[in-house]
Amino acid sequence: MAFDFDAPTNRLGTDSIRWDAFEGKKVLPLWVADMDFQSAPCVIKALSQRVNDGIYGYTHNPLHFNRIIAEYLLEQYQWPVDPDWIVILPSVVSGLYTAVQQLTQTDESVLIPSPIYHHLKLACTVSNRKFQEMPLQLKDRRWVLPNEALPKLVNNKTKLALFCNPQNPGSTVFTKDELTEFGDFCIQNDLWICSDEIHAGLVLEEEKSHIPLSSISNEVSQRTVTLMSLNKTFNFPGVGLAWAVAENPRLRKAIQVGLHQTIAPPSLFAYTATLAAIKEGEPWRKALIHYLRLNRDLIDTRINGIDTLSIAKMEGSYLAWINCDKLQHPNPYQLLLDAGLATSPGSQFGQERFVRLNFGTQRDRLNQALDIIEACCT
């Protein structure tokens, strides 16, 4: 079945965070990480049927939902997971905040990568937890952890490490050796781990596949909460459902604190969308990966052709982390915004001389964005 990712979509007036922020202005908004494509036809069909039922009462997990997820994880990542290890959540973000609050005390600290998706840092600051950054290093055009420096970043108050794979914003898909080294470090230093793996289904490198950190060894699994969702891959974050995988019962209990109390459960539409994506969405996902890969290659060619900019390998997701360090302008984000392109400012991720570009969009729009960048930065 053919899927047309070039088909234009109009998101203005749809209460889109990304598009409505600049409504009425001549700005192309490629910042917040959702895509401009319609979701998979199977998801649209399933949601339409549920809407047409006309009854939207209180709901519970669909029958055998955890088992269906476990089977999906085995099929996609060769990761054997007991359905009892799975906890259904409304979002990965709520899981991040719960993990920090429940797996550390107020006088303890957290390790977080840098640069990183801002909610990993916010999960620490709003919980009044100290954090120590692990500055990623650029090696062979890949953003990787500073393994040699890690022992110097922990002390007897460090209790939790936050991780992100594929990495956001750097897009690294970590190898088995890299994951093993980080897992061994956490074992040696008796750290809990919370691994954000929401972009697992968006690996772009043909010779790579996503490897869940918990799948590395039983020892790593016993100290890890893995957060996953199909919201990003199938482009329904506004519907929203996630899950945590925690083999260790202590971690599983911790990640459930507040569920159905201060943290609302997913909606019935979230269950519908997720089930449809799992059962029927794989052909669409593969076609999406092919399209995003071509977008990625276009960005790589054009950005690395501009002397003032550079970009590392984009191994996963649809987010381009553009280095503007050689650009003779104090605020690269503002320069592009004034020219009509909204990106995510690097300061949001801890690196002011970068911008993050969302390339989960039609190629015509992407070329328009790259034309703006080229005009501003050459």
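# Questions on a predicted model

User: In this predicted model, is Cys42 buried or exposed?
Analyst: The relative accessible area of Cys42 is 14%. Buried means under 20%. Cys42 is therefore buried.

User: How many disulfides does the structure hold?
Analyst: A disulfide needs two cysteine sulfur atoms within 2.5 Å. The structure's count is zero.

User: Which cysteine has the sulfur nearest to that of Cys376?
Analyst: Cys376 is in no disulfide. The nearest cysteine sulfur is 5.6 Å away, and a disulfide needs the pair within 2.5 Å. That nearest sulfur belongs to Cys377.

User: Is Cys376 buried, exposed or partly exposed?
Analyst: Its relative accessibility is 21%. Buried requires under 20%, and exposed over 50%. Cys376 therefore counts as partly exposed.

User: Which residues have the most contacts inside the largest nonpolar core, and which helix gives the largest share of this core?
Analyst: The largest nonpolar core has 77 residues, and those with the most contacts inside it are Trp243, Ile299, Ile322 and Ile373. Eight residues of this core, its largest share, come from residues 282–303, which is helix H10.

User: How many residues are in the other core, the one that includes Leu96 and Val225?
Analyst: This core lies apart from the largest one. Val100 and Leu162 are also among its residues. Its size is 31 residues.

User: Which residues of helix H5 are buried, and where do they lie on the helix?
Analyst: Helix H5 runs over residues 118–125, and its buried residues are His119, Leu120, Ala123 and Cys124. Seen down the axis, these fall within an arc of 150°. They therefore line one face of the helix.

User: What do the buried residues of H5 pack against?
Analyst: One partner is a helix, H4 (92–103). The others are strands: S3 (109–114), S4 (130–135), S7 (158–164) and S8 (192–196).

User: What is the end-to-end reach of helix H9?
Analyst: H9 spans residues 268–280, 13 residues in total. At 1.5 Å a residue, 18 Å is expected. From first C-alpha to last, H9 comes close to that, at 18 Å.

User: How many residues of H9 are buried, and what covers them?
Analyst: The buried count is ten of 13, so H9 is largely enclosed by the rest of the structure. Tyr271, Leu275 and Ile278 are among the buried ones. The cover includes helix H2 (41–53), helix H3 (65–77), strand S2 (86–89), strand S10 (242–245) and H10.

User: Where is Phe359, and what is its relative accessibility?
Analyst: Phe359 sits in the loop between strand S15 (354–358) and helix H12 (363–377). Its contacts beyond four places in sequence include Leu204, Leu292, Ile299, Met314 and Leu366. Phe359 counts as buried, at a relative accessibility of 0%.

User: How far apart in space are Phe359 and Ser317?
Analyst: In sequence, 42 residues separate them. Ser317 is also one of the residues in contact with Phe359. C-alpha to C-alpha, the distance is 9.1 Å.

User: What kind of aromatic pair do Phe5 and Trp284 form?
Analyst: The count of aromatic pairs comes to 14. In this one the ring centres are 5.6 Å apart, with 55° between the planes. Phe5 is in the segment before H1 and Trp284 in helix H10, 279 residues apart. The pair is tilted.

User: Which residues form one aromatic cluster with Phe5 and Trp284?
Analyst: Phe5 and Trp284 are both buried. The cluster's other members are Phe37, Phe234 and Tyr291.

User: Which residues does Phe3 touch beyond its sequence neighbours?
Analyst: Phe3 lies in the segment before helix H1 (17–20). Its C-alpha is 25 Å from that of Gly13, ten residues along the chain. Leaving out residues up to four places away, Phe3 touches Pro41, Pro283, Trp284 and Ala287.

User: What is the omega of the peptide bond from Asn168 to Pro169?
Analyst: Most peptide bonds are trans. Pro169 is in the loop between S7 and H6, and so is Pro166. The bond from Asn165 to Pro166 is cis, with omega near -5°. The bond from Asn168 to Pro169 is also cis, with omega near 20°.

User: What is the phi of Asp15?
Analyst: Most residues other than glycine have a negative phi. Asp15 lies in the segment before H1 and is exposed, at 71% relative accessible area. Its phi is positive, near 65°.

Key. Residues numbered from 1 in each chain as written. Predicted model: local features only at pLDDT ≥ 70, side-chain atom pairs only at ≥ 80, totals over all residues. Heavy atoms only, no water. Core = buried A, V, L, I, M, F, W, Y, C linked by side-chain atoms within 4.5 Å. Buried < 20%, exposed > 50% of the residue type's maximum accessible area, 1.4 Å probe, protein only. Helix = DSSP H or I, 4+ residues; strand = E, 2+ residues; numbered from the N terminus. Arc of directions from axis to C-beta. Contact = heavy atoms within 4.5 Å. Expected span 1.5 Å × (residues − 1). Phe/Tyr/Trp six-rings, centres within 6.5 Å; stacked < 30°, edge-to-face > 60°.
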